[in-house]
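Reader: I've got the files open and I'd like to poke around a bit. Can you walk me through what stands out?

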Amino acid sequence: MHFTYESLPQKVVFRTGGSRTALHGELDALGVGRVAVVHTPQESSLADDLTAPLRNLIACHIDDVKPHVPADVADIALRKARDADIDAILTIGGGSTTGMGKILARELNLPLVAVPTTYAGSEATPVWGMTTDGVKRTGRDVRCLPRTVLYDADLLATLPRELTVASAFNALAHSVEAFWAPGANPVTTAIATESVAALTDGLRRTTEGELDSDTHARLLYGAYLAGNAFAVAGSGLHHKLCHALGGAFDLPHAETHTVVLPYVLEFTAPGLGDDADRLARALGHTDPVEGLRSLVAATGAPTSLAPYGFTVGHIDRVVELMADFLPLPHPVPVDNDAITSILTSAAHQE
Ligand code: NAD
């Protein structure tokens, strides 16, 4: 075996309940004294509740959070954080909130603590993203990697079922693509395999009555592992396609991943070799493509981008955007026809 695996410096605290006390302990351990709390207006009461024991540490709240971190919104947040003379950033929310925290951490070179409330997995990666004039740029910077992540399955109890499913498929996209992404290695494949199994189990449980905290814990564990594998294996065909789609047509993030993943897997599976069996087993099936399709059907997840406004007329623009990434290292050669065929499937009317 010849491979290089660079693990990332991060403390992960995983629990169900009791996150108020745990959060206090973690901020104490970092020795910080003036914290900016980042959250959306929808998550403000959750943020108030979680930070109630920390009132003397809170220097400011930043609650203007938008998907894909628009640069002008980030500029205002940066000014507010500088004026408040903070020494740490705390994010409480989904991937958009974590994304804003990452920009602050990078620009101000301050420690970031993340409390995720979706399965987006951004907290496990050093990847930042920011959007200027409709174009999203991304990059890697270890200053963006949260020092501490506090996962509490109880915080996801308020996620509506549809968003739970779409967000969990967004996580599954991280771990499935980690099987073939450019930096994949035996360690990331082992982590991705465990992630796919946990997410498959959690997603199956979402179809059985009320979503309980065990289901959220199973999904959250799978989502952390997914982000962890993706952080090292990197982005491949699936993420590059979804990035182009999201940036150009303002499509919803988790749902776009949910729809596109089965079509990318169908295209890629013939080149996966032994990993095809491994992935299939983790999906609880003998065939990876059928396994993923049956999970989508069981959970009622979306299979088309048409309801979000994407049509075959938009495909040429995505092919144009993807030209920057070709040739792309992938188990099956990727060309314009392959991209067109994947997107034609994704654009079909249900
Ligand atoms: P999001 O953060 O925009 O949240 C979606 C919606 O869910 C929001 O309305 C939010 O208020 C609500 N919400 C969040 N938690 C909730 C809860 N517990 N209960 C009820 N409602 C809740 O969306 P997301 O899918 O979490 O994140 C998407 C963003 O994350 C995208 O911008 C994407 O690019 C980024 N992302 C980045 C990385 C990375 O490595 N940098 C990885 C994954 C995703």
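**Cavity, strands and odd backbone angles**

Author: Sure. The largest cavity holds about 30 Å³ of space. Keep in mind that this is a predicted model.

Reader: How many cavities of 30 Å³ or more are there?
Author: A general point helps here: rolling a probe the size of a water molecule over the atoms shows where empty space is left. With 30 Å³ as the lower limit, the count comes to one cavity.

Reader: Which element gives the largest share of the lining of the largest cavity?
Author: The lining is made up of H68, C242, G246, L251, H253, T256 and H257. Two elements, α8 (237-249) and α9 (253-268), each give two or more residues to it. The largest share, three residues, comes from α9.

Reader: How do the lining residues of that cavity divide into nonpolar, polar and charged?
Author: Gly counts as polar and Cys as nonpolar, and the lining includes G246 and C242. The split is two nonpolar, five polar and no charged.

Reader: H68 is in that lining, so where is H68 along the chain, and is it buried, partly exposed or exposed?
Author: H68 has a positive phi of about 65°, although it is not a glycine. It is found in the loop between β3 (58-62) and α3 (71-83). Buried would need under 20% relative accessible area; H68 has 22%, so it is partly exposed.

Reader: What about N109, buried or exposed?
Author: N109 also isn't a glycine, and its phi is positive at about 55°. It sits in the loop between α4 (95-108) and β5 (112-116). The cut-off for exposed is over 50%, so at 52% relative accessibility N109 counts as exposed.

Reader: Which residues of β2 are buried on each face?
Author: In a regular strand the side chains alternate between the two faces of the sheet. Strand β2 (residues 35-38) is covered on both faces. The buried residues are V35 and V37 on one side, and A36 and V38 on the other.

Reader: Which residue in β4 is the bridge partner of V38?
Author: β2 pairs with β3 in the parallel sense over four bridges, and there A36 stands opposite C60. The chain gets from β2 to β3 through helix α2 (residues 44-51), in a right-handed β-α-β crossover. Four bridges also join β2 to β4 (residues 88-93), again in parallel. In β4, the partner of V38 is T91.

Reader: Last one: what kind of peptide bond joins L326 and P327?
Author: P327 lies in the loop between α12 (315-322) and α13 (336-346). Omega is about 0° for the bond between L326 and P327, and that bond is cis.

Definitions and conventions
Residues are numbered from 1 along each chain as its sequence is written. This is a predicted model: local features need pLDDT of at least 70, side-chain atom pairs count only at pLDDT 80 or more; totals for chains, interfaces and linings use all residues. Side-chain values use heavy atoms; hydrogens and water are left out. Buried means under 20% relative accessible area, exposed over 50%, partly exposed in between (1.4 Å probe, protein chains only). Two strands pair if DSSP finds at least two bridges between them. A crossover is right-handed if, with the strands pointing away from the viewer, the path from the first strand over the helix to the second runs clockwise. On a 1 Å grid over the protein atoms alone, a cavity is a set of points where a 1.4 Å probe fits but cannot get out, and a pocket is an open set with protein on both sides within 12 Å along at least five of seven lines; lining residues have an atom within 4 Å of a point. Grid points are joined across faces, edges and corners, and a volume is the space filled by probe spheres set on the points.
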